[in-house]
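Here are my notes on the model you sent, set out point by point. Please keep the structure open while you read them.

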Amino acid sequence: INFWPYTLSILPKYFPLHQFMFYKEGEPIRCTAAVAYSTNKPLVLEQIIVDPPQEHEVRVKVTNTALCRTDLFTLKGLNPEGKFPCVLGHEGSGIVESCGSKVETIKKGDHVLLLYIPECGHCADCKSEKSNLCSVIKATQAQGVMPQGSSRLHNLENETLWHFMGCSSFSQYTVVSDISCVKIRDDAPLDKICLLGCGVTTGFGAPIAKGVKAGDRVAIFGSGTVGLSVVQSCSQLKCSQVIVVDVQDNKREWALGFGATDFINPQKIPKNKSLLQTLIDKSGGDGFDFTFDCTGSTSVMRTALESCRKGWGTSVIIGLAGAGKEISTLPYNLIVGRSWEGCAFGGVKGRSELPTLVERYMNNEIKLDEYITNKRPLKEINEALKELEDGLVLKNCVGHRRRFTFSYVADGKG
């Protein structure tokens, strides 16, 4: 009996030979990725092709990625910039595998963080101290393609897979613009500092960017990673009051651990008293100097604004609302001196300022490890997303299994 046909048919399943293939620099790479083919369906774990980087692009071997509610938000069809099929993920860290032409600030072997907000250093936003919203590649990034107008990701049927937020870190390899990643020190643990790619930086930087100072009274709505990072920042800034509002009692211990002075569950407030009045009373009767919405709920955003102090109270929107959602309040609430503002990525410029946060973490000045309440391999990414959606974890970090991939360059180094 000839068993060879059967043996050869099952070989790829049990012995994935592509894991041991030799790739020359500049060639496509075959690797594993979690692909989102449509909304409200599980990610599909499969082999994809990652093309070599072109001009001003780098190909990164992603070692770790943290899961973010923006990924969930997009998977549910609530993100207008979500384009399917795509490879989600944006809180990624890794090692540069190769660089395209004209790349000057990054080289092969560099340890990097992926940036969903790039920094070219030349546009009006990059030159201004008032903004971190580099606009150079915004249009193509929103379309799920690289600046040259095409994708570097494909499935084995050669179907285009769109990029996500310029990162696509739910893949063992990805291609990003050279202004969409930042070199960091080699000894920084990649499985920890990936959190600085979005959530922690977004929350930690916001109070600093908005001018929160010692003695201020602050309320934070939502105690996920972003909200607790606002808490950590306000605690370090020595605010006199840091109140966290969340409907999940299991977040209380986490909130207090990051420096909150009080925790309020709106569902536990007496029926004859509103959340707004409860907050005003907690503040001493005048309202808060600053409030931060980290929920994405437009009704919560209104409560956050109206619980601010008249005269100078500032409410900062961080949470991303669903497509088409609008905020509203009575004009009087703004006439009396309250301000409604927003903040993206904590106001941090990724390439010039993010390495400082890495340094602060390495000097034990910023907490990161405490956010990671679970770790899973890439093959369990759907289970990880479900845990995040159910509020069972703060950050679920996914480790990408290392592949035995070898690349060669002309001078023999590689």
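**Notes on charged pairs, cores and a sheet**

1. Arg 302 has a relative accessible area of 30% and is therefore partly exposed, where buried means under 20% relative accessible area, exposed over 50%, and partly exposed in between (1.4 Å probe, protein chains only). Its salt-bridge partner is Glu 306, with the closest N and O atoms 2.7 Å apart; a salt bridge is a side-chain nitrogen of Lys or Arg within 4 Å of a carboxyl oxygen of Asp or Glu. Glu 306 counts as buried, at 16% relative accessibility. The two residues are 4 apart in helix 10, so about one helical turn separates them; helices (H or I, at least four residues) and strands (E, at least two) are DSSP runs, numbered from the N terminus.

2. Please remember that this is a predicted model, in which local features need pLDDT of at least 70 and side-chain atom pairs count only at pLDDT 80 or more, while totals for chains, interfaces and linings use all residues. Residues are numbered from 1 along each chain as its sequence is written, and side-chain values use heavy atoms, with hydrogens and water left out.

3. The salt-bridge count comes to 20. One of them joins Lys 395 to Glu 91, with the closest N and O atoms 2.7 Å apart, and this pair links distant parts of the chain, since Lys 395 lies in strand 18 and Glu 91 in strand 5, 304 residues apart. Lys 395 counts as buried because its relative accessibility is 3%, and Glu 91 counts as buried at 0%.

4. Which charged residue is buried yet has no salt bridge? It is Asp 293, whose nearest side chain of opposite charge, Arg 69, is 12 Å away; here Lys and Arg count as positive and Asp and Glu as negative, while His and the chain ends are not counted. Asp 293 belongs to strand 14 (residues 290-293), and among the residues in contact with Asp 293, meaning heavy atoms within 4.5 Å, are Phe 221, Val 300 and Met 301.

5. The largest nonpolar core has 90 residues, and those with the most contacts inside it include Leu 43, Phe 292 and Leu 354; such a core is a set of buried Ala, Val, Leu, Ile, Met, Phe, Trp, Tyr and Cys residues joined through side-chain atoms within 4.5 Å. Strand 1 (residues 29-36) gives the largest share of this core, 6 residues.

Definitions and conventions. Lists of a residue's contacts leave out its neighbours within four places in sequence.
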